[in-house]
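Visitor: I have the model open and some questions ready. Shall we go through them one at a time?

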Amino acid sequence: MQKAGELRPFSILCGNGGLFLDFEPERGADGAMTGYGFPDMLTELLTLFAAGKRDEAHDLFDAHLPLIRYEQQPSIGLAVRKHVLKRRGLIAADAQRKPAQILTPAAKAEVDYLPSLIAPSDKRAPPSLPAPLGSGLNCTNI
């Protein structure tokens, strides 16, 4: 209908937390209406697909799957995302409005570990996200 001029152009965006964003462009999606701790990866993924670099796009997405999956947890997903964005220096604070859940020290340690799984494939991810100064986070108090 759009090609015939009978329907105005509009964007088709995938949701579901971007869990299937690696296949959505092939299904006709123009992008995603989701967030993620590495929004620049989402942009690169779509750029790779547009350039016909399907395997590179899938490899990039697969490298991020551990953190994408972790971020999908009910109640704490936004807390995970904001924690990563803050640790990457992209936002100043990871505070949320109530009734938001906060990450436990154990969850923060898990989230801080996940970039080390991404780092070998994507240099945006540091080998690990160091504990903030003064956090006192160590194995004895998790």
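Visitor: Is Arg124 buried, partly exposed or exposed?
Guide: This is a predicted model. The relative accessible area of Arg124 is 23%. Buried means under 20%, and exposed means over 50%. Arg124 therefore counts as partly exposed.

Visitor: Which residue in helix H1 does Arg124 pair with, and how many residues apart in sequence are the parts it ties together?
Guide: The side chains of Arg124 and Glu44 meet in a salt bridge, 2.5 Å from N to O. Arg124 lies in the segment after helix H5 (115-118), whereas Glu44 is in helix H1. So the pair, Arg124 with Glu44, ties together parts that are 80 residues apart.

Visitor: Which residues are joined into one network by salt bridges that share partners?
Guide: Arg124 also meets Asp122, at 2.9 Å from N to O. Asp122 is buried, because its relative accessibility is 6%. Shared partners join these salt bridges into one network: Asp40, Glu44, Arg88, Asp122 and Arg124.

Visitor: Where is the cis peptide bond that has an omega of about 15°?
Guide: Most peptide bonds are trans. The cis bond involves Pro99, found in the loop between helix H3 (77-87) and helix H4 (105-113). Its partners are Lys98 and Pro99.

Visitor: How many nonpolar, polar and charged residues line the largest cavity?
Guide: The largest cavity holds about 40 Å³ of space. Its lining includes Gly17, Tyr36, Leu42 and Glu71. By class, the count is 3 nonpolar, 5 polar and 1 charged.

Terms used
Residues numbered from 1 in each chain as written. Predicted model: local features only at pLDDT ≥ 70, side-chain atom pairs only at ≥ 80, totals over all residues. Heavy atoms only, no water. 1 Å grid on protein atoms, 1.4 Å probe; cavity = no way out; pocket = protein on both sides within 12 Å on 5 of 7 lines; lining within 4 Å. Points joined across faces, edges and corners; volume = space filled by probe spheres on them. Nonpolar A, V, L, I, M, F, W, Y, C, P; charged D, E, K, R; others polar. Helix = DSSP H or I, 4+ residues; strand = E, 2+ residues; numbered from the N terminus. Salt bridge = Lys/Arg side-chain N within 4 Å of Asp/Glu carboxyl O. Buried < 20%, exposed > 50% of the residue type's maximum accessible area, 1.4 Å probe, protein only.
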